[in-house]
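The following exercises are to be worked through with the structure in view. Each task is followed by a solution in steps.

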Amino acid sequence: MNARPEQLTAPTRLDAYRAPAWRVETVELDFELAIDSTEVTARLHLRRDPALPLPLRLDGENLELLSIALDGATLPPDMFRYTDNVLEVDGARDGSVLETRVRLRPATNTALEGLYLSGSAEAGFLLTQCEAEGFRHITFFPDRPDVQARYTVTLRADRDRFPVLLAGGNPDGAGVLDDGRHWARFVDPHPKPSYLFAVVAGRLQSIERDYVTADGRAVTLKIWSEADVIDRCDYAMDALERSMRWDEQTYGRNYDLDVFHVVATHDFNMGAMENKGLNIFNAKYLLADPDSSTDDEYRHVESVIAHEYFHNWSGNRVTCRDWFQLSLKEGLTVFREQSFAADMNSASLKRIEDVSLLRRAQFPEDAGPLAHPVRPAQYSEINNFYTATVYEKGAELVRMLAGCLGREGFRRGMDLYFARNDGHAATLEDFLGALGEANHTDLTPYLAWYGQAGTPRLQARGKYDAAAHTYALTLHQHTPATSGQPQKHALPIPVKLALFDGAGQMMILHMDGQTAKPQTECVVVLEADEQTFVFHDVPTAPVPSLLRGFSAPVILDCDYDATELALLLRHDPDGFNRWEASQQLATLAYVELRDGGASHALEAWLDALSALFAHNDIEPALLANLLTPPGEVEWAEREASVDPARIHALRQQLQRHLAERIGADALHQCYLVLAAEASLSLDAASQARRRLKQRVLELLCLADADTAQPLAATQYSSAPGMTDRLGALTVLLRSAAAQAPAALAHYRQRYDDNALALDKWFMAQAQVPGETALDRVSTLQRDASFTLKNPNRVQSLLGAFVRANPSGFHRADGAGYRFLAGQLVQLDALNPQVAARLATAFNGWQRLEPGRREAARTVIDGLADRDGLSRNLREIVANVRK
Ligand code: ARG
Ligand code: ZN
């Protein structure tokens, strides 16, 4: 069951925002819960804005209206109309109470929006997902975030089938009813927008912890899951407690209810959801145990737990006026989550991870037909705008602002933002206004970043004057046109920089007109198309290290040569910048390989890395990152005519050179040392060594597969935990080792009843590069364990194939595109949100080499011409085609 508006609905526009004419002060919701049919009674206490004499109009989708009454009297049919997902009611006035009763069908709700069933009808449980516009699938309501109401929710259900009844807010009574039924009531004292509403009902187990907030509130923390996985929730509980403490210490933010519930489900469209007092998580981001979770997954659980918890202030207490402001809560909360993870683990490793993700996911989005500003100007389906741009680029913008203000200034600004907007639905202007005002500075120039799509290109040219001892750095910016935005404007771009001398020492910086005490690092802000910054008393020609810490989300084009990059790679004291130098050097080496000819960069890269490897005095996780060149998706972004198979081959060649330069013996020795200490412990040092071990095994496999494959097979069978097991399986699969089939079969059997572990079995196979990947994926798609109904399974097979396997998906004959289109049509009939997200894999097709481009065009045109696609998928297909 899902909404299928056949006509193209007019897009919603930011500049058409109007304050609501009607508000809801309080709402009482009664649920008579059952799997096949649930009845919802809603009593809305309405307030009318006297200045806006508009009729009462409420949102409602796919609702079976059973009864309707206004101020206690049943409404005659001529007093209301329910058409086109809007209920219009005559006769309501300020202070009126509207009561509606509707029937829902949770068991057939495959879109997983509104009230739906997780798991089977016999054993599963009921839950809700309302962001962005799911509440209108539950009852009639002004379903917009600037309408904030106080909720009282009463749940009634069969006691055996639904022993646990949960809703957001504080518990306010429970009891037994006749006929084996029971009830529970929850009252949320904090007014909230409808997208933060949630209920959960079914057979669930819980773990519990007492927590006292810094301001003295006793809170019960509860994590709920189905019985078979409850023993995998402890890590999330620890992470939750760490998150709560961190937000108290870092932002002075305390939790504000007596209970905090977290629920895990295997059926969820997104990562997780910050419903007030009742967070709901995709099990993938909540469950963790060494036998089925990798180190990366542990870190994701910690980050997502923190992210949803932090929303309680950045999103719930201060929410968004409208969905165009989505990044107000998401960009800010991703930034807060990133800072938390940096504090918990290694700051430079976290930065490397975040910038890699930005380049892999957001830069391509910003460079193709799906490009949109962090604050879009219009949308047809808001669920299509939960994007890397709104989230990850949004977080980079907050980071820039935080950088401008400094740690204390940013905290001052955040305090003012929270104080001033608490309980309100805010805009990005409110955010920048508060940050600026608290610091007596005007941040409005940064608003332009929120309205302009596309990644700025930053060009840097340095000129050293040996006679005058000056160094002039000229910065120039240019943002390529994006669809619908042909004209771009100069943005304020903060460039953090340092200058290195030939021995790899940072120089003291003396800048024009600068009186602050001399430092080795400074920030210059490019505010126009082009500006020159002059440094004095520069004794020798410097090597500039620019955009340190990735101080702005731009693409840097600098006239570094290989020797200069190698110097930074060897000497930069900052882990992130070292890694950045290695990435740029690897990219120069890639270009040399691609074009044939000179190999200065390649030699410099190989020399620098083999020396670092031999010296072995560098942090293992950083070394693993240095030994990893940029991914195929990143390199595709630099090409005018993309041939994914060729990029894959070149990247393999580059890595083989590296493996051979380091030497099979040295790799083998290093592997044996690291393998000898295989352990399960999760501390940063153990994780780092596992990561390096994996990288070394991969390289060894390129230099000497005969040595590496038996090592991988042994690692697979003796692995103490999932990181080592999956790592070994991946190496066996990608090198087509003779041992691979047995390992695959073993894994399949061992994890047959563990959905999240089985997802990785699908994923590992979907990601094996090359032309044969499609055959493998098609076979797996017919596997008894594969289903289009489960979003995690879809992501693990189809998502992994189309997004993380460019040489496989972009098969030269276009068969990958035809396969995807076929899957999309089937998926769209079940779950439009997931289908639309998968369809973004077509992004960038215009830059493919001519053969693939034509194949993709035919498939995309075919999809666009189909009748009956959901609004979600239709919008993506239409946009990607531009
Ligand atoms: N607000 C959630 C988060 O923490 C994401 C929910 C997105 N839901 C959706 N249907 N688009 O990021
Ligand atoms: Zn979020």
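**Exercise 1: A buried strand**

Task: Determine which residues of strand β30 point one way and which point the other way, and find the partner of this strand.

Solution. This is a predicted model. Begin with the side chains of strand β30 (residues 543–546): V543 and S545 point one way, P544 and L546 point the other way, and all are buried. Next, consider the pairing: β30 and strand β27 (residues 493–500) are antiparallel and share 4 bridges. Finally, locate one pair of facing residues: P544 in β30 has L499 opposite.

**Exercise 2: The edges of a sheet**

Task: In the open sheet of 5 strands, identify the strands that stand at the edges, and describe what packs on the sheet.

Solution. First, write down the strand order, which is β17-β18-β19-β21-β20, with mixed pairing. Then examine the two ends: β17 (205–212) and β20 (272–273) each have a single partner strand, so one side of each is left without a neighbour in the sheet. For β17, the pairing with strand β18 (residues 218–225) is antiparallel and extends over 8 bridges. Within these strands, A218 in β18 is found opposite V212. Lastly, helix α1 (residues 234–251) packs on the sheet and touches β17, β18 and β19 (259–265). The direction of α1 makes about 25° with that of β17.

**Exercise 3: The nonpolar core**

Task: State how many residues the largest nonpolar core has, and list the contacts of L585.

Solution. The largest nonpolar core has 257 residues, and A236, L585 and L732 have the most contacts inside it. Helix α5 (residues 388–421) gives the most to this core, with 12 residues. Leaving aside residues up to four places away in sequence, L585 touches A562, L565, A566, L569, A601, A604 and W605. As a general background, nonpolar side chains tend to be buried together in soluble globular proteins.

**Exercise 4: The exposure of R689**

Task: Decide whether R689 is buried, exposed or partly exposed.

Solution. Start with the location: R689 lies in helix α15 (residues 684–703). Next, take the count of 19 other C-beta atoms within 10 Å of R689. A residue is buried at 20 or more and exposed at 12 or fewer. R689 is therefore partly exposed. Its contacts, not counting residues up to four places away in sequence, are P620, L674 and E677.

**Exercise 5: The surroundings of ligand 1**

Task: Describe the shell around ligand 1.

Solution. Ligand 1 is surrounded by 13 residues, the closest being E131, M270, M273, N383 and Y386. Sorted by character, the shell has 5 nonpolar, 4 polar and 4 charged residues. Both β20 and α2 (295–310) supply at least two residues each.

Methods. Residues numbered from 1 in each chain as written. Chains lettered and ligands numbered in written order. Predicted model: local features only at pLDDT ≥ 70, side-chain atom pairs only at ≥ 80, totals over all residues. Core = buried A, V, L, I, M, F, W, Y, C linked by C-beta atoms within 7 Å. Contact = placed C-beta atoms within 7 Å. Pairing = 2+ DSSP bridges. Axes fitted to C-alpha atoms, helices over the stretch in contact; angles between N-to-C directions. Near = placed C-beta within 6 Å. Nonpolar A, V, L, I, M, F, W, Y, C, P; charged D, E, K, R; others polar.
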